[in-house]
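Please look through the following structure slowly, taking one part of the chain at a time. The paragraphs below offer a path through it for a reader who is new to such models.

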Amino acid sequence: MMTFAVRRTTVSAAAVVAVCLSALSGCKDAPGGAGAPAPASSAATATSAAPVAGAFEPEQALAEAEKTPYAASMKATSEAAGQELSTMTGRSNIGTLFTGRAEIRSSGMWIESVTTTDANYIRNRTKEGSGWVKSPRSPDNDANYAGYAKLLLATGPSAKKGMETRNGVPTYHLAGHLGLDQVASVDPRTHRSMKSKSVTGFDIDQWIDAQGRTVRFEQRMDMRGTQAANKVDFSEFGPVETFAAPER
């Protein structure tokens, strides 16, 4: 899915973001680390656990999501020891062949990324006059958020936290711990990258709407003794869009 790096001083032809974040930027790398996942977080802000109108079952919503690909805008942050390290904003297609655009910022870094049906383009805006660098797109950078939600549901009834309202939208909250090998089938890129860094698993919180679209996705883990988190919000859902190569 996506993967924010905990620390990054350089960005190669595609890099920056763990579990839900790498696909959105067309990135090929993910943050590393080892150890047990961080404790589950408390309910996120902008969420209400009060009785929610329009209740639905997550299984049915996910079945609908797999029928209809869509585009969405996103904002994602990477944190370590409670400190925000990087932010990524962008828009991409979800539930189909991944294409999209993203902008990644952190202290001393500003990267733009565009992924089309046949290539990935990176531009380092930190360096004045830097042009676009083209590279082959990865064969496995599709973002299977419905797949993650199904993995959580498969862990048992405890994953179903119930209906909550996020920013006025009825959502179903799923949460649980996933071992790294469990995600290989839905997110081979993250599995491959994090396994090389000795990560064994992570905690996930995921909120989906009645159409099975992910509204918020959180990942937490221990990164060599430091509590790290990746958090992403999705909005402005719409039909699948076309993302063209940037002008040189």
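In this model, which is predicted, a good place to begin is helix H2, made of residues 58–65, where Pro58, Ala61, Leu62 and Ala65 are buried. These four residues lie on the same side of H2, because they cover an arc of only 100° around the axis. The buried residues of H2 pack against a helix, H3 (145–154), and also against three strands, namely E8 (160–166), E9 (169–179) and E10 (201–208).

Helix H3 leads on to the nonpolar interior. The largest nonpolar core has 40 residues, and those with the most contacts inside it are Tyr148, Leu178, Val183, Phe202, Ile204 and Phe234. It is H3 that gives the most to this core, with 7 residues.

From strand E10 we can follow the chain into the strands that come after it. E10 and E11 pair in the antiparallel sense, and 6 bridges are found between them; one example of this pairing is Trp207, whose bridge partner in E11 is Arg216. The two strands form a hairpin with 5 residues between them, and in this hairpin Gly212 takes a positive phi near 80°. Strand E11 itself, which spans residues 214–223, is mostly covered, since 10 of its 10 residues are buried, each with under 20% relative accessible area.

On the way from E11 to strand E12 (residues 226–238), the pairing is again described as antiparallel, here over 8 bridges. Within this pair of strands, Met221 stands opposite Ala228 in E12. E11 and E12 also form a hairpin, with 2 residues between the strands, and Arg224, which lies in the turn, has a positive phi of about 55°.

Strand E12 has a further partner, for E2 and E12 pair in the antiparallel sense over 9 bridges. Here Met74 stands opposite Phe234 in E12, and Phe234 has already been named among the residues with the most contacts inside the largest nonpolar core. Strand E2, made of residues 70–80, is mostly covered, with 10 of its 11 residues buried. E2 is also joined to strand E3 (residues 83–94) by 11 bridges, and these two strands run antiparallel; in this pairing, Ala76 stands opposite Met88 in E3. The hairpin of E2 and E3 has 2 residues between the strands, and Ala81 in this hairpin takes a positive phi near 50°.

Two further residues deserve a careful look for their backbone angles. Asn167 has a phi near 50°, which is a positive value in a residue other than glycine, and Asn167 is found in the loop between E8 and E9. Is Asn167 buried or exposed? With a relative accessibility of 61%, Asn167 counts as exposed, because the cut-off for that word is over 50%.

The other residue is Glu236, whose phi is likewise positive, near 50°, in a residue other than glycine. Where is the place of Glu236? Glu236 belongs to strand E12, and, at 56% relative accessibility, Glu236 counts as exposed. Strand E12 can therefore be followed from its pairing with E11 and its pairing with E2 to this exposed residue, Glu236.

Terms used
Residues are numbered from 1 along each chain as its sequence is written. This is a predicted model: local features need pLDDT of at least 70, side-chain atom pairs count only at pLDDT 80 or more; totals for chains, interfaces and linings use all residues. Side-chain values use heavy atoms; hydrogens and water are left out. Buried means under 20% relative accessible area, exposed over 50%, partly exposed in between (1.4 Å probe, protein chains only). The arc is that of the directions from the helix axis to the C-beta atoms. Contact means heavy atoms within 4.5 Å. Two strands pair if DSSP finds at least two bridges between them. A nonpolar core is a set of buried Ala, Val, Leu, Ile, Met, Phe, Trp, Tyr and Cys residues joined through side-chain atoms within 4.5 Å.
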